[in-house]
Amino acid sequence: MSIKENIAKIRESLPEGVVLVAVSKTKPVEDLQQAYDAGQRIFGENKIQEMTEKWSQLPKDIEWHMIGHVQSNKVKYMAPYVHLVHGVDSLKLLKELNKQAKKNNRTIAYLLQLHIAEEDTKFGLDEKELQELLHSDDFLRLQHVQLLGLMGMATFTENRDQIRREFSRLKGIFDRLRTGWPDLSVLSMGMSADHKIALEEGSTMVRIGSDIFGERNHH
Ligand SMILES: *Cc1c(COP(=O)(O)O)cnc(C)c1O
């Protein structure tokens with residue numbers, strides 16, 4: 001199936017209001033252009049340099065989402081244009097985002113990444129660290145970043161019950177958070193292999209790569 005057909009099929013399966021991030025990492029701009037021509041305007045990349053190269057070559061009405069782990073010293077390259085940063089998991093990174101957003105006269109939207117996987121290879125905060133961050137004086141001083149919600153990744157496993165349990169835990173944290181922060185609206189969870197479970201557990205934003213663009217050869 002073509003990229004266009006893949007996008008149409010996924011769109012059809014998504015509940016109303018759920019946002020599709022087309023994860024285009026490692027894929028050539030020609031593939032992104034095909035997705036663009038099929039109406040897709042939101043793309044996710046996990047390397048700042050690669051994203052910036054693609055941004056410079058493709059139409060300017062694309063919203064670029066940084067979905068990977070971000071090194072603070074590279075934030076400046078994406079600060080002029082990035083639309084949403086999914087993987088924020090430290091105050092240090094948040095301060096750098098704030099600083100670079102200010103330099104560019106804009107506000108950068110972001111999600112805090114929670115560690116929900118039972119495997120311990122993934123980045124992210126636990127719920128206690130989340131609360132500490134949100135209540136720190138440093139956090140309250142940040143004027144050029146805007147928290148929109150949470151992001152998480154489930155364990156890479158065939159065990160559907162485990163994946164469901166992990167997504168359900170993230171949804172629980174999100175709901176508790178929203179009792180104090182009712183404006184938060186984004187829960188980014190679900191990839192090609194597990195987005196159906198993520199949607200059943202309350203995802204509002206799915207990040208899908210290989211189901212749109214085909215398998216990747218390398219990372
Ligand atoms: C690569 C990646 C995805 C998409 O993965 P697929 O399995 O290709 O859909 C989603 N989220 C993050 C954080 C990724 O790095």
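Guide: A strand here is a DSSP run of at least two residues, marked E and numbered from the N terminus. This model is predicted.

Visitor: What makes E6 a strand, and where does E6 run?
Guide: Strand E6 spans 145–152. The cut-off is at least two residues, so that run qualifies.

Visitor: Which element gives the largest share of the lining of the second largest pocket?
Guide: E6 does, with four residues. The lining includes Val145, Gln146, Leu147 and Leu148. Tyr110, Phe139, Leu142, Trp181, Asp183 and Leu184 are also part of it. The volume of this pocket is about 200 Å³.

Visitor: How do you know which class prevails in that lining?
Guide: Count by class: eight residues are nonpolar, one is polar and one is charged. Tyr and Trp count as nonpolar, so Tyr110 and Trp181 fall in that class. Asp counts as charged, so Asp183 is a charged residue of this lining.

Visitor: What is known about the largest pocket?
Guide: It holds about 930 Å³ of space. Its lining has 32 residues. Lys25, Met153, Phe156, Met191 and Arg216 lie nearest the centre. The lining divides into 11 nonpolar, 12 polar and nine charged residues.

Visitor: Which elements supply at least two residues of that lining?
Guide: Strand E6, helix H8 (160–180) and helix H10 (210–213) do. H8 gives the most, with three residues.

Visitor: Where does the ligand sit, and what does that placement require?
Guide: The ligand sits in the largest pocket. The test is that more than half of its atoms lie within 2 Å of the grid points.

Visitor: What makes the pairings of Lys25 and Ser192 with the ligand polar contacts?
Guide: The side chain of Lys25 has an N or O atom 2.6 Å from a ligand oxygen. For Ser192, a polar side-chain atom is 2.5 Å from a ligand oxygen. The limit is 3.5 Å, so both pairs pass.

Visitor: How do you know that Arg207 belongs with them?
Guide: An N or O atom of the Arg207 side chain is 2.9 Å from a ligand nitrogen. That is within 3.5 Å, so this pair passes too. Alone, the ligand exposes 390 Å², and the protein buries 90% of that.

Visitor: Which residues are around the ligand?
Guide: Among them are Val23, Ile67, Met151, Ile208, Gly209 and Ser210. By class, the shell has six nonpolar, three polar and three charged residues. Gly counts as polar, so Gly209 is a polar member of the shell.

Notes
Residues are numbered from 1 along each chain as its sequence is written. This is a predicted model: local features need pLDDT of at least 70, side-chain atom pairs count only at pLDDT 80 or more; totals for chains, interfaces and linings use all residues. Side-chain values use heavy atoms; hydrogens and water are left out. A residue is near a molecule or strand if one of its heavy atoms lies within 4 Å of it. A polar contact is a pair of N or O atoms within 3.5 Å; within protein, one must be able to donate a hydrogen and the other to accept it, and residues adjacent in sequence count only if both atoms are side-chain atoms. Accessible areas come from the Shrake-Rupley method with a 1.4 Å probe; for residues, only the protein chains shown count as cover. On a 1 Å grid over the protein atoms alone, a cavity is a set of points where a 1.4 Å probe fits but cannot get out, and a pocket is an open set with protein on both sides within 12 Å along at least five of seven lines; lining residues have an atom within 4 Å of a point. Grid points are joined across faces, edges and corners, and a volume is the space filled by probe spheres set on the points.
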